Amino acid sequence: MSAAVQGRAGGRRIRPFDWRHNPGFGFFTALIMLFLYVPLVVLVVFSFNANHFVTVWTGFSLHWFVRVAHNGDIRHAAYISVIVGVMATICSTMIAIAAALGFERGGSFRGETSAMGLVMMPLVVPEIVTAITTLIFFSSIGFHYGVLNLVIAHTVFCIPFAMLPIQARLRAIGTGYEDAARDLYGDEWRIFLRITLPLMVPGIMAGSILAFVTSLDDFLISFMVSSAGSTTLPVYVYGMMRLGVTPEVNAISAILLVISAALALVAFLISRPNEAGAAAGGTVAATTN
Amino acid sequence: MLHMAALKTSTDGDRARMASVALSDADRPVTRMVPQPDPLRHLIEVVQVEKIFGDPTNGHKALEAINVSIEEKEFFTLLGPSGCGKTTLLRMIAGFEHPTTGEIRLQGRDVASLPPRTRPVNMVFQNYALFPHLTVAQNVAFGLEMLNWKKPDIAARVNETLALVKLDTFRQRKPAQLSGGQQQRVALARALAPRPQVLLLDEPLSALDLKLRREMQFELKRLQRETGITFVLVTHDQEEALAMSDRLAVMNTGRIQQIGTPEEIYDNPANRFVADFIGEANLIPGAALGRNASVVIAVRPERVALASPDMPARLRGVVDSATFLGSDTLMEVTVPSGRVRARIRGAARLAPGTEVGLAWPADAERELAD
Ligand SMILES: Nc1ncnc2c1ncn2[C@@H]1O[C@H](COP(=O)(O)OP(=O)(O)O)[C@@H](O)[C@H]1O
Ligand SMILES: [Mg+2]
């Protein structure tokens with residue numbers, strides 16, 4: 001008590017605890033950033049290397065990108081990746097929309113928490129486990145349809161990524177608009193089409209982009225599930241590396257990196273909490289008090 | 001309007017009744033199928049309603065023994081402090097909540113368990129809940145589209161309603177591009193467009209600043225007069241309730257304390273809560289005036305005067321403060337039982353500490369059970 005009084009009398013303001021002012025914090029942060037991003041920068045830089053080496057810089061060139069563009073196998077793998085990505089995105093987003101509506105608008109139901117846990121499972125189960133079980137599952141039922149196997153496997157693990165932003169969006173818009181539409185004689189189906197769905201669009205966009213990026217980047221599951229004609233790009237790159245690393249690998253990686261980062265950025269910008277949509281959220285009951 | 005009537009009714013008797021009301025719009029051919037409204041039948045009847053949130057046996061009792069009847073073309077207000085259950089009651093009339101026990105009747109039909117879209121009742125939500133992705137005109141048209149009105153009818157009605165709320169020039173704007181007052185008008189237009197029997201308003205003015213609030217009070221009265229629709233308003237502002245209502249219900253802790261016209265409630269408060277909540281009242285213990293100790297005497301400050309030869313003092317006390325307000329002087333007087341406020345006409349510059357006698361005519365006091 002007296003110390004506090006003295007402190008004030010001495011004109012000293014007692015600063016609240018601020019973790020940013022811990023000694024070494026800035027240095028530590030910089031170190032982490034360095035570990036995270038230097039390898040990426042090196043990878044991208046050497047994709048422009050004029051020589052064969054992935055560690056010795058000899059000059060600037062787009063040679064490796066040209067090589068990539070002319071490699072028919074890479075083009076085919078990229079094509080498979082995109083096909084699988086688009087199909088899995090469409091399927092997982094539609095399932096995610098239904099699931100998010102069920103969780104956010106279906107009222108509470110028995111086993112809601114367990115159901116949520118099951119949907120989110122792919123986020124926590126080690127990917128190698130998912131990959132092996134998926135492989136065993138397909139073999140045991142004799143399901144061997146190349147790209148279709150990939151699409152099914154990708155759809156499953158993309159669902160939680162698609163669902164999270166959609167669910168967050170539904171929660172943010174609240175039930176107030178739907179209540180207003182109900183009051184204005186809307187039936188549930190038309191309310192969904194005219195009110196809920198349009199307001200969900202930013203969440204759906206963000207969710208589908210995340211799903212697509214997740215599918216595009218996946219290696220382990222694709223590696224297990226893909227067959228001769230259905231190799232995705234990451235799996236193909238892995239195959240190339242076993243034959244010796246050339247900057248061609250850097251070039252493909254750089255392309256994948258840029259596409260993934262750009263899409264993730266778009267998803268982030270879309271799903272950022274913004275203007276009117278979320279502003280009047282909350283249920284009517286909650287906001288009228 | 002015909003569409004709405006057809007959509008909203010299930011029995012043939014009701015359909016005929018509603019169609020007759022629905023068709024009373026001047027711009028449509030009128031075929032009156034049914035005679036005069038039944039004078040014994042109220043537009044809205046809330047009968048012995050109780051609402052318990054959560055577990056029915058030990059959940060939170062939000063409303064208890066609610067009985068209200070609201071008439072056609074009436075401006076009715078639910079007034080009470082925050083948390084007393086006004087919104088819950090309003091949401092029950094709209095159909096968003098269902099009573100735990102009791103009935104809600106619309107034109108004699110029990111609608112307690114029917115969903116909102118089957119009730120010819122529209123609501124202006126406190127936060128307006130305007131659809132952010134639709135323009136003003138699309139917002140107003142929404143209810144009409146849901147009622148399957150024909151396109152030209154919708155366009156005409158949207159124009160008419162936007163003109164009614166003086167927003168004709170804002171049709172193509174999005175709600176986010178409007179001021180709070182304009183958004184409120186859109187919310188009103190959207191709720192009025194389908195020509196409901198009842199318009200429900202949940203604290204519609206509380207988000208507006210004082211000047212705009214005064215303006216909107218007049219606006220709401222005008223809209224109610226021009227449309228002839230029953231308005232049920234929820235507010236915690238007693239001045240607003242007194243100024244606007246034909247009748248009001250004063251609520252506290254989930255119960256209705258008193259129902260009546262503003263004059264009745266102001267002049268004859270039913271109990272201590274009402275006397276205290278509506279306007280200002282001095283609540284003087286009966287014992288201090290030589291009455292039964294179990295009663296409280298309520299006297300409005302404006303009825304209290306300084307004692308004079310023809311009005312002997314009922315209480316004596318010492319002036320605490322005297323504030324000249326122009327036409328009146330507001331005096332605070334300390335008396336043995338506490339403090340009394342008096343609003344005395346004209347200037348009465350009495351220095352603090354002066355001893356005064358306070359008097360009032362017999363008809364100014366109300367005896368309330370404590
Ligand atoms: N959905 C709900 N679940 C549980 N309690 C509720 C719910 N809605 C309202 N209540 C409670 O019921 C009481 C009355 O609320 P409300 O009708 O909103 O009051 P008012 O509108 O008069 O401020 C409050 O105590 C509130 O907490
Ligand atoms: Mg309320």
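Is N149(A) buried or exposed? N149(A) is buried, because its relative accessible area is 5%, and buried means under 20%. The model is predicted. The points below cover the surroundings of N149(A) and then the two assigned domains of chain A.

**N149(A) and its surroundings**

- N149(A) sits in helix 7 of chain A, a helix made of residues 147–173.
- A polar contact links the side chain of N149(A) to the backbone oxygen of F143(A), at 2.8 Å.
- Leaving aside residues up to four places away in sequence, N149(A) touches F138(A), F143(A), H144(A) and V225(A).
- F143(A) therefore appears twice: its backbone oxygen is reached by the N149(A) side chain, and F143(A) is among the residues that N149(A) touches.

**Domain layout of chain A**

- The domain assignment divides chain A into domain 1, residues 22–61, and domain 2, residues 65–288.
- Taken over C-alpha atoms, the centres of domain 1 and domain 2 of chain A are separated by 30 Å.

**Interface between the domains of chain A**

- In domain 1 of chain A, 10 residues are in contact with 9 residues of domain 2 of chain A.
- About 780 Å² is buried between domain 1 and domain 2 of chain A, and carbon and sulfur atoms give 74% of that area.
- On the side of domain 1 of chain A that touches domain 2 of chain A, there are 7 nonpolar residues, 3 polar residues and no charged residues.
- Between domain 1 and domain 2 of chain A, the count of salt bridges is 0.
- The count of residue pairs in polar contact between these two domains of chain A is 1, with both residues at pLDDT 80 or more.

Methods. Residues are numbered from 1 along each chain as its sequence is written. Chains are lettered from A and ligands numbered from 1 in the order in which they are written. This is a predicted model: local features need pLDDT of at least 70, side-chain atom pairs count only at pLDDT 80 or more; totals for chains, interfaces and linings use all residues. Side-chain values use heavy atoms; hydrogens and water are left out. Domain bounds come from an automatic or database domain assignment. Contact means heavy atoms within 4.5 Å. Buried area is the accessible area (1.4 Å probe) that two parts lose on being put together, summed over both. A salt bridge is a side-chain nitrogen of Lys or Arg within 4 Å of a carboxyl oxygen of Asp or Glu. A polar contact is a pair of N or O atoms within 3.5 Å; within protein, one must be able to donate a hydrogen and the other to accept it, and residues adjacent in sequence count only if both atoms are side-chain atoms. Ala, Val, Leu, Ile, Met, Phe, Trp, Tyr, Cys and Pro count as nonpolar, Asp, Glu, Lys and Arg as charged, and the others, Gly among them, as polar. Helices (H or I, at least four residues) and strands (E, at least two) are DSSP runs, numbered from the N terminus. Buried means under 20% relative accessible area, exposed over 50%, partly exposed in between (1.4 Å probe, protein chains only).
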